[in-house]
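Okay, thanks for having me, everyone. I'll put the structure up and then walk you through a few spots in it, so please have a look while I talk.

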Amino acid sequence: MSNRTIIPFGPQHPVLPEPIHLDLVVEDEKVVEAIPSIGFIHRGLEKLVEKKDFIDFVYVAERICGICSYIHGMTYCMSVEQLLKLEIPDRAQYLRTIWSELSRIHSHLLWLGLTADSFGFESLFMQSWRIRESILDIIEETTGGRVIFGAAKVGGVRRDVSSVKLDEIMKKLRVYQKEINTIGSVFLNDTTVKHRMQGVGVLSQADAKSLGAVGPMLRGSGVSQDMRMTGYASYGKIGFTPVVETAGDCYARTKVRILEIAQSVDIIQKCIEQIKEGPIEVKVIGMPDGEYFARTEQPRGEVIYYAKGNGTKFLQRMRVRTPTFANLAPLLATLRGCQLADVPVIVLTIDPCISCAER
Amino acid sequence: MSILEMGKVVLKNLFNKPVTERYPFVKKEYPSGARGKVNIDPAKCIYCGICQRKCPTAAIVTTKEPKVWTIDRMRCISCNACVEVCPKKCLVLDVMYSPCSAKQGTDSFRP
């Protein structure tokens with residue numbers, strides 16, 4: 001019997017943008033088990049809902065995560081709007097869809113860069129982030145913020161975007177799409193990249209289902225599930241089919257994300273073609289009462305917002321289940337049996353956002 | 001050839017201009033809708049305090065007697081809520097960010 005050693009991974013590690021600690025039990029170079037500990041950046045944001053009124057809480061919900069901030073804010077608004085029984089205007093729904101997809105593109109590009117960094121491909125990392133910068137510029141022009149959009153609002157959206165601006169965005173996105181394709185083909189065809197990703201961290205379809213994986217982690221394992229299929233915002237009018245890969249390894253997850261960027265550009269194009277002039281918000285009347293589950297698809301996977309109102313301006317309870325938290329169990333399953341050198345790549349392929357997971 | 005995929009990008013990079021802006025020589029212009037810092041026209045303000053009530057971070061404090069409008073720049077999240085509710089439209093959200101500062105303090109405005 002060989003000796004077992006425990007190697008600590010994180011909370012400070014070059015590949016981790018945020019703190020999570022894994023105790024890796026290794027036998028020679030092989031990881032036998034990974035024991036996680038989380039809780040380094042718990043901020044108690046769910047409790048704060050009792051002290052901030054339901055309109056002001058949008059700002060807090062947006063700050064749960066720095067990358068998928070808009071979708072957090074939007075999902076919170078969706079849950080409160082259902083409690084208030086508000087009907088959101090069409091134009092606001094389309095704008096919400098456009099901003100959600102822009103945030104998906106920038107999040108996936110950020111992830112591609114970090115992944116390239118994790119296997120030591122620095123110049124690919126720089127190229128991914130260069131394109132992301134242009135997407136952030138579009139976001140800044142339309143919402144005023146770069147990562148914290150501040151565009152979500154209970155009852156609609158805070159800003160309108162002119163049709164001239166929308167056409168400009170589409171032209172720019174088509175150019176960026178070509179650049180993303182160039183970078184994407186390096187990820188998908190380069191020998192060194194393939195060598196680090198193919199067959200690494202395999203999650204079978206049965207495991208993905210039973211362990212409750214979400215997002216690209218689930219779709220990379222061959223399960224066709226995406227919350228956008230439920231048709232929230234304007235996805236119902238546009239029509240949506242998820243991107244699915246069957247291999248279940250790191251390469252499949254990367255491919256899902258690269259194809260999703262192209263899909264997001266197509267969704268934005270359809271939105272811009274279909275969007276009509278009209279109001280962007282409705283007046284908020286009454287106080288939230290009752291309870292509601294809102295489910296949306298973030299770049300990292302499915303997010304669930306549970307809100308319970310009691311007829312006052314403060315919600316009684318709010319609960320957020322973020323995609324990273326759901327993906328931790330599948331991550332531990334994929335780490336079992338892998339090589340120590342592959343751990344950073346596998347940890348990154350779930351797209352960990354720890355401040356999301358701990359709220 | 002798989003190795004040439006990145007080679008093309010690298011070669012293009014080598015002969016093109018840098019993608020970053022040459023900052024001190026080329027001035028960075030913020031887009032018109034950017035959320036920088038809140039500015040006030042104290043002459044138009046009636047010190048009603050609606051902005052203070054609507055501020056989600058309690059960064060704004062107004063007093064009627066004496067007439068003072070105060071903002072804590074470090075608390076302000078530039079969310080535009082005060083600008084949206086101002087009845088006299090004396091608040092504007094400037095595209096420029098407030099300058100860095102080493103100590104905490106507030107900016108006060110009087111008519």
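**A walk through two chains**

Let's start small, with one residue: I46(B) counts as partly exposed, because 14 other C-beta atoms lie within 10 Å. To call it buried we'd want 20 or more, and to call it exposed, 12 or fewer. Where does I46(B) sit? In chain B, in the loop that links β1 (38–40) to α2 (50–54). Have a look at W69(B) as well: 23 residues separate I46(B) and W69(B) in sequence, while their C-alpha atoms are 9.9 Å apart in space.

Before I go on, keep in mind that this is a predicted model. Its scores are ipTM 0.84 and pTM 0.89. For chain B, the mean pLDDT is 85, with 97% of the residues at 70 or more.

Now zoom out to the whole of chain B. How many helices and strands does chain B have? Three helices and five strands. If you trace them from the N terminus, you read α-β-α-β-β-α-β-β.

What about the overall dimensions? Put a box around the C-alpha atoms of chain B, along the principal axes, and you get roughly 75 × 25 × 25 Å. The radius of gyration of chain B is 22 Å, whereas a compact globule of 111 residues would be near 13 Å. As for burial, 17% of the 111 residues in chain B count as buried. And here's one on contacts: take those in chain B between residues at least 6 apart in sequence, and 70% of them join residues at least 24 apart.

One more stop in chain B. The peptide bond going from E65(B) to P66(B) is cis, and its omega is near -5°. You'll find P66(B) in the loop between β2 (60–63) and β3 (68–71) of chain B.

Next up, where the chains meet. How many residues does each chain bring to the contact? Chain A brings 17 residues and chain B brings 15 residues. On the chain A side, α4 (122–143) and α5 (163–189) each supply at least two residues. The top contributor on that side is α4(A), with six residues. Sorted by class, the side of chain A that touches chain B has nine polar, five charged and three nonpolar residues.

Since α5(A) just came up, let's stay with it. This helix has 27 residues, and from first C-alpha to last it reaches 38 Å, close to the 39 Å expected at 1.5 Å a residue. Its buried residues are I169(A), L173(A), I180(A), I183(A), G184(A), V186(A) and F187(A). A handy thing to remember here: an α-helix has 3.6 residues a turn, so residues three or four places apart point the same way.

Compare that with another helix in chain A. α2(A) has 16 residues and spans 23 Å from its first C-alpha to its last, close to the expected 22 Å. Why do I say α2(A) is largely enclosed by the rest of the structure? Because 14 of its 16 residues are buried.

Right after α2(A) comes K85(A), with a positive phi near 55°. That's a positive value in a residue other than glycine. K85(A) lies in the loop between α2 (69–84) and α3 (90–118) of chain A. Is K85(A) buried or exposed? Exposed, because just 11 other C-beta atoms lie within 10 Å.

D351(A) also has a positive phi near 55°, and it isn't a glycine either. You'll see D351(A) in the loop between α12 (343–349) and α13 (354–358) of chain A. D351(A) is buried, though, because 27 other C-beta atoms lie within 10 Å.

Last bit: some strands in chain A. Strands β6 (residues 289–298) and β7 (residues 301–310) run antiparallel, joined by ten bridges. For example, D289(A) stands opposite N310(A) in β7(A). β6(A) and β7(A) make a hairpin, with two residues between them.

Then β7(A) also pairs in the antiparallel sense with β8 (residues 315–321), over six bridges. Here G309(A) has L315(A) in β8(A) as its bridge partner. β7(A) and β8(A) form a hairpin too, with four residues between them. In that turn, G311(A) has a positive phi of about 85°.

Conventions:
Residues are numbered from 1 along each chain as its sequence is written. Chains are lettered from A and ligands numbered from 1 in the order in which they are written. This is a predicted model: local features need pLDDT of at least 70, side-chain atom pairs count only at pLDDT 80 or more; totals for chains, interfaces and linings use all residues. The radius of gyration is taken over C-alpha atoms; the globule rule is 2.2 Å times the number of residues to the power 0.38. Two residues are in contact if their C-beta atoms, placed from the backbone, lie within 7 Å. Two strands pair if DSSP finds at least two bridges between them. Ala, Val, Leu, Ile, Met, Phe, Trp, Tyr, Cys and Pro count as nonpolar, Asp, Glu, Lys and Arg as charged, and the others, Gly among them, as polar. pLDDT is the predictor's confidence in each residue, from 0 to 100. The expected span of a helix is 1.5 Å times one less than its number of residues.
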